[in-house]
Amino acid sequence: MSRRQVVVLGGALVSLVFLWLALRGQNWAEIASAFQRADYRWLLPAAFLILLDYGFRSWRWRVILHPAAGRRVPLSTLFPVLLLGFAANNVLPARAGEVWRMWGLSNRTGIRKTLALSTLVVERLFDGLTLLFLLALAGLSQPLDGQARFIENIFTLLFGIVFVGLLLLVFFEEPTLRLATRLMWPIPAGLRERLLAVLERFVQGLHALRRPAELAGIIGSSLLAWGSQTLSFAAILLAFGLGLSPAELFATSILMLALINLGIMIPAGPGNVGTFEAAGLLALRVSNVAVRPEEALAIVLVAHMLQWILVTGLGVLIAAREGITLATLNATPELETE
């Protein structure tokens, strides 16, 4: 069995386990009734807010790329590449859309894939830090405990380690590269030189973190992106007529946003099937609002289907316009030591 087959099989297994955890013991007649009672007009503003989220993400990517690339890449270039990457994650295993984003950006702009990779690492770091910040906000009105607190602690540790590592690369670049050179002494000279060249280009993509203006832009766009997605969850909750107060609606939306997006970082099958549902149900279960399990599952399924259909549908339109097929996405080469 090839490495790719192992990854695909492992992701499918993870999805099945989490899907079983989410669906076990559910009353499907009650779930159908919850679907029938929903006011689906609220999905229109929810869809708009999801698109706004990706617009802010494109702006953030542009800010991160500027110091490394030495020029401002147009949003008209970045938005379709970013959206198609997320759409690819919905239909391909092993988060292949992230690899496609590196390849797509490099193919359109000439920016090296290693540099593109470093910008994606910065994105993921600020995604995690912003989610943890929002989770802390939700915890002010809805103290977390049990599984939710465990998830928060695990990801706080993970992003803390990544953050410290990036700080060393950004502010102590030369000493860190010298240390990396010493640690690579057992590696043959030719390969060692190529790996160090990749690392140096990777560090180049982190230079936005040294500039106050770019750093403020990254933080601001991260808050706007996740704020838009928080409001999209609020619109979906309103569709189910739960009668929440504004404070309850805000806190529950943040809790759903944070736990779902932290949960889907667990490697799973295409489209985060299973991990999305399990994390969403956990968020509604630990919230202070009274939501019946069947209604909670209906809310989470609608949220997942809306995001999947919207992003995948737009991705298909972009791919058709640019002559990109599923086979092309699936065959995109992995990162090389250019």
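The protein carries 27 positive and 21 negative side chains, with Lys and Arg counted as positive, Asp and Glu as negative, and His and the chain ends left uncounted. The centres of the two sets lie 6 Å apart, the place of each charge being taken as NZ of Lys, CZ of Arg, CG of Asp or CD of Glu. The model is predicted, so that local features need pLDDT of at least 70 and side-chain atom pairs count only at pLDDT 80 or more, whereas totals for chains, interfaces and linings use all residues. Residues are numbered from 1 along each chain as its sequence is written, and side-chain values use heavy atoms, without hydrogens or water.

The protein contains 14 helices and zero strands, assigned as DSSP runs (H or I, at least four residues, for helices; E, at least two, for strands) numbered from the N terminus. Along its principal axes the C-alpha trace spans about 65 × 45 × 40 Å.

Of the 338 residues, 49% are buried, that is, under 20% relative accessible area with a 1.4 Å probe and protein chains only. The largest nonpolar core (buried Ala, Val, Leu, Ile, Met, Phe, Trp, Tyr and Cys residues joined through side-chain atoms within 4.5 Å) comprises 91 residues, among which Ile236 and Met256 touch the most other members. Helix α13, residues 293–322, gives the most to this core, with 13 residues. When residues up to four places away in sequence are not counted, Met256 touches Phe233, Leu237, Ala283, Leu284, Ile299 and Val300, contact meaning heavy atoms within 4.5 Å. Among contacts between residues at least 6 apart in sequence, 77% join residues at least 24 apart.

Definitions and conventions: Buried < 20%, exposed > 50% of the residue type's maximum accessible area, 1.4 Å probe, protein only.
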